[in-house]
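Biologist: I am new to this structure and would be grateful for a close look at a single part of it. Could you then place that part in its wider setting?

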Amino acid sequence: LFRIPPKELHEMLPQQLLMLKTAVGAWDDARLETGNNTRAGAFMGIGLDPNTTNYHVRWRVEQEGAAWAKKLKPDHAEADLGKWVSALRDAAGPGLTANRTMGGLGSVIASRIARELSMGGPSFTISSEESSGLNALKTGVRALQNGLIDTALVGAVEMTGDVRSLFCRNALRPFSTAGKTTPFDADADGAVMGEGAGAVVLKRLEDAVRDKDRVYCVIKGVGASTGGKPQDLLPDAPSYASSMKKACDEADCMPEYIGYVETHGSGFPPEDKMEIEALASFFGRTDEPRGPGILAPPVRQHVLGSVKAAIGHTGAASSLASFIKAALCVYHEMLPPLKAAKNPIPELLESKRFLIPPTPRYWLHDRADGPRRA
């Protein structure tokens with residue numbers, strides 16, 4: 001399908017193929033031509049694939065083999081030692097070739113996609129762990145706003161099934177021992193890992209309307225902030241709230257008019273608690289004191305969701321998966337359930353601003369409030 005030679009196909013890492021196939025699928029869904037896209041660009045988010053480190057293991061065996069043999073098998077003859085080191089090296093994995101070099105470089109993902117779709121605009125890969133997909137989205141949005149391109153293809157991929165990746169991630173944020181992700185639940189004990197890829201096609205709205213494209217949603221605002229203590233490996237609540245404020249300011253949207261919030265919702269208790277604290281501080285509380293003669297605004301509940309409850313934590317692709325879900329909620333005018341939170345954490349109940357739907361429901365909406373917003 002993509003004219004990749006069989007030998008190269010066999011020696012490249014799967015995440016390149018998965019992202020390529022997914023990105024072209026999004027392009028086809030947008031009904032765009034595959035040739036002469038001189039004003040289009042590709043922005044891909046990825047994480048580290050531990051298989052890219054396999055070659056280093058082979059080199060270490062060659063360098064350290066004699067010392068290991070002396071410690072483990074001191075009676076080894078010189079001839080046997082060479083065979084033993086060679087066998088260890090081959091067991092560690094295949095040697096480095098040109099195809100494996102290209103097939104292991106994460107930065108090549110965007111280049112493969114740009115070549116396949118004849119893109120003439122910028123194409124590069126962004127790697128910032130869990131925020132990779134959203135940073136790719138933000139970059140594509142800014143490139144369109146600046147007039148650098150007319151079409152942006154944004155994607156993200158994660159292949160986390162490698163046991164080394166699982167051990168390392170579990171050491172930082174323990175996985176659920178129950179084998180399920182239950183965001184904002186008092187009994188939550190972590191996430192489960194997921195794998196996959198997602199991709200979206202972006203255009204300026206006036207161009208999409210002119211071309212009679214199907215529009216799933218309109219991106220009105222993008223916000224990003226950093227903060228928190230590095231040793232905690234968590235953003236802090238003020239940084240989280242700041243990113244939401246930036247997005248609403250750019251969209252010229254007041255928080256009370258947001259009907260749906262697609263959360264990070266990992267099921268990791270410290271993250272969930274921080275997130276609810278940030279959401280409550282941003283959207284306010286129903287029991288806030290009012291001065292004399294000041295009428296309280298109508299109480300609007302914001303529906304919460306988390307795609308991680310359905311597909312697990314997909315690492316570098318997780319934020320883009322969340323965006324795609326929110327876009328589909330707007331498009332289908334439906335609010336999916338978050339069945340995982342059967343026993344909501346106290347901080348969630350105290351706010352009274354948020355609703356976790358146990359079943360799917362239509363997104364009922366007053367047209368006087370403007371469009372549906374997520």
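**The pairing of α10 and α11**

Modeller: The crossing in which α10 passes α11 is right-handed (the near helix is turned clockwise from the far one by less than a right angle; anticlockwise would be left-handed). Both names follow DSSP runs counted from the N terminus, with at least four residues (H or I) for a helix and at least two (E) for a strand. The model is predicted, so local features need pLDDT of at least 70 and side-chain atom pairs pLDDT 80 or more, while totals for chains, interfaces and linings use all residues. Residues are numbered from 1 along each chain as its sequence is written, and side-chain values use heavy atoms, without hydrogens or water.

The axes of α10 and α11 cross at roughly 45° and come within 8 Å (lines fitted to C-alpha atoms over the stretch in contact, with angles from 0 to 180 degrees between N-to-C directions). The two helices are therefore oblique to each other (neither under 35, over 145, nor 65 to 115 degrees). From α10, the contact (heavy atoms within 4.5 Å) involves A237, Y240, A241, M244, K245 and C248. From α11, M274, E275, E277, A278, L279, S281, F282 and F283 take part. Classed by type, these are ten nonpolar, one polar and three charged residues (Ala, Val, Leu, Ile, Met, Phe, Trp, Tyr, Cys and Pro are nonpolar, Asp, Glu, Lys and Arg charged, the others, Gly among them, polar).

Helix α11 itself covers residues 269-283. Its 15 residues reach 21 Å from the first C-alpha to the last, close to the 21 Å expected (1.5 Å times one less than the number of residues). E271, D272, M274, E275, I276, A278, L279, A280, F282 and F283 are its buried residues (under 20% relative accessible area with a 1.4 Å probe, protein chains only). They are covered by elements including α10 (237-251), β5 (260-262), β6 (302-305), α14 (346-351) and β8 (354-355). Just after α11, G284 has a positive phi of about 85°.

One of the elements covering α11, β6, leads into a loop before α12 (308-311), where V307 is found. V307 counts as buried because its relative accessibility is 11%. Leaving aside residues up to four places away in sequence, V307 touches E262, G312, A321, S322 and K325.

Another helix pair offers a parallel case. Helix α2 (residues 14-29) and helix α6 (residues 108-116) pack at about 40°, their axes 10 Å apart, and are therefore oblique as well. Their crossing is right-handed. Q15, Q16, M19, L20, A23 and V24 of α2 meet V108, I109, R112, I113 and E116 of α6. This contact has seven nonpolar, two polar and two charged residues. Helix α6 is largely enclosed by the rest of the structure, because seven of its nine residues are buried. Its buried residues pack against α1 (6-11), α2, β1 (40-46), α5 (98-104), β2 (123-126) and β3 (151-158). Just after α6, S118 takes a positive phi of about 55°.

As for the wider setting, the protein chain has 14 helices and nine strands. Its C-alpha atoms fill a box of roughly 95 × 50 × 35 Å along the principal axes. Of its 374 residues, 43% are buried. Among contacts with a separation of 6 or more, 77% join residues 24 or more positions apart.

Terms used:
Buried means under 20% relative accessible area, exposed over 50%, partly exposed in between (1.4 Å probe, protein chains only).
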